[in-house]
Amino acid sequence: MIDETEFTPEEIEAARILFARPATFIMGAAKIEQLPDPDLPEIAFAGRSNVGKSSLINGLVGMHKLARASNEPGRTREVNFFDLDGRMRLVDLPGYGWAKASKTTVRKFQDLGRDYLRGRVTLKRVYLLIDSRHGLKSVDKEALDALDLAAVSYQIVLTKADKLKKGEGEAVQEATLKAISKRPAAFPVVALTSSEKGLGLPELRAEIMRTTGATID
């Protein structure tokens, strides 16, 4: 059995090739009825505002402006779909934990995300991004609960690891893994990444490729 925390050089290289292929923005869906047909495997990215979702997506595909980053928290208010070479879709879910909107507006976007999680048959995994400098916060518990309730496999991805001091990354990885150890839908590996420095991105690409079953011809 393959150790799911380890990847061969061949897997890392295949994933590099795959993610170097064309990636394009397809659409942003504001309603569940607007979602594209579920005809490709999908992986989704979730997290609180300003955690670095856009930067991570851009880093994975090696493009600066595929997913639009913003200085305004909560800018992602739709479910945004990106096509990777016709082999899978990367999905950017609305952020949470931002306050510059009415409660009704916030609930609308969060409900859209939950509807997507519950009903998307092609969704293979959700990558829940957590700022490595802060670890899991109380605001993240609602997202964890929603993922467990939807019974969707999810993996914690710690971001902005380049901002940490030596040894802090491993400590927050261990603490995070312990915190999710009894959650039923949590994948038992915590990734440590830096979009700015590229730390952990080759392994995350390989993880996504393995999870979706995507191949390179």
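User: Why is Asp85 called partly exposed?

Analyst: In this predicted model, Asp85 has a relative accessible area of 25%. A residue is buried under 20% and exposed over 50%; the 25% of Asp85 falls in between, so Asp85 is called partly exposed. Asp85 sits in the loop between β3 (79–84) and β4 (88–92).

User: What makes the backbone of Asp85 worth a remark, and which other residue outside glycine has a positive phi?

Analyst: The phi of Asp85 is near 55°, which is a positive value in a residue other than glycine. Lys160 is likewise not a glycine and has a positive phi of about 60°. Lys160 belongs to the loop between β6 (154–159) and α5 (168–179). With a relative accessible area of 22%, Lys160 lies between the limits of 20% and 50% and is therefore partly exposed. Among the glycines, Gly213, just after α6, takes a positive phi of about 75°.

User: How do you know that Asp92 is buried, and what does its side chain contact?

Analyst: The relative accessible area of Asp92 is 2%. Buried means under 20%, so Asp92 meets the criterion. Asp92 lies in strand β4, and its side chain makes a polar contact of 2.5 Å with the side chain of Lys53. The cut-off for such a contact is 3.5 Å between N or O atoms, so the 2.5 Å pair falls within it.

User: Why does Glu207 count as buried although its class is charged?

Analyst: The term rests on accessible area, and for Glu207 the relative value is 5%. As this is under 20%, Glu207 is buried. Glu207 is part of helix α6. Its side chain is joined to that of Arg125 by a polar contact of 3.2 Å, a value within the 3.5 Å limit.

User: What makes α6 a mostly covered helix, and which elements do its buried residues pack against?

Analyst: Nine of the twelve residues of α6 are buried. They are Leu201, Leu204, Arg205, Ala206, Glu207, Ile208, Met209, Thr211 and Thr212. These buried residues pack against α1 (9–19), β2 (42–47), α2, β4, β5 (123–131) and β6.

User: How do you know that the end-to-end length of α6 agrees with expectation?

Analyst: The expected span is 1.5 Å times one less than the number of residues. For the twelve residues of α6 this gives 16 Å, and the end C-alpha atoms are 16 Å apart, so the two values agree.

User: Why is α2 described as roughly perpendicular to α6?

Analyst: Helix α2 (residues 53–61) and helix α6 (residues 201–212) pack at an angle of about 85°, and their axes are 10 Å apart. Angles of 65 to 115 degrees count as roughly perpendicular, so α2 receives that description relative to α6. The contact brings Leu56, Gly59 and Leu60 of α2 against Leu201, Leu204, Arg205 and Ile208 of α6. By class, these comprise five nonpolar residues, one polar and one charged.

User: What makes α1 and α6 roughly perpendicular, and which residues form their contact?

Analyst: The angle between α1 and α6 is about 85°, with their axes 8 Å apart. This angle lies in the range of 65 to 115 degrees, and the two helices are therefore roughly perpendicular to each other. From α1, the contact involves Glu11, Ile12, Ala14, Ala15, Leu18 and Phe19; from α6, it involves Pro202, Glu203, Arg205, Ala206, Ile208, Met209 and Arg210. The contact of α1 with α6 divides into nine nonpolar, no polar and four charged residues.

User: How do you know that Leu204 is buried, and which residues does it contact beyond its sequence neighbours?

Analyst: Leu204, in helix α6, has a relative accessibility of 2%, which is under 20%, so Leu204 counts as buried. Leaving aside neighbours within four places in sequence, Leu204 is in contact with Leu56, Leu60, Tyr127, Val157 and Thr193. Leu204 and Tyr127 are 77 residues apart along the chain, yet their C-alpha atoms are separated by 9.9 Å.

User: What share of the protein is buried, and what pattern do its elements follow?

Analyst: Buried residues make up 49% of the 217 residues. The protein has six helices and seven strands, in the pattern α-β-β-α-β-β-α-β-α-β-α-β-α. Of its contacts with a separation of 6 or more, 76% join residues 24 or more positions apart.

Conventions:
Residues numbered from 1 in each chain as written. Predicted model: local features only at pLDDT ≥ 70, side-chain atom pairs only at ≥ 80, totals over all residues. Heavy atoms only, no water. Axes fitted to C-alpha atoms, helices over the stretch in contact; angles between N-to-C directions. Helix = DSSP H or I, 4+ residues; strand = E, 2+ residues; numbered from the N terminus. Parallel < 35°, antiparallel > 145°, perpendicular 65-115°, else oblique. Contact = heavy atoms within 4.5 Å. Nonpolar A, V, L, I, M, F, W, Y, C, P; charged D, E, K, R; others polar. Buried < 20%, exposed > 50% of the residue type's maximum accessible area, 1.4 Å probe, protein only. Polar contact = N/O pair within 3.5 Å; in protein donor to acceptor, adjacent residues only side chain to side chain.
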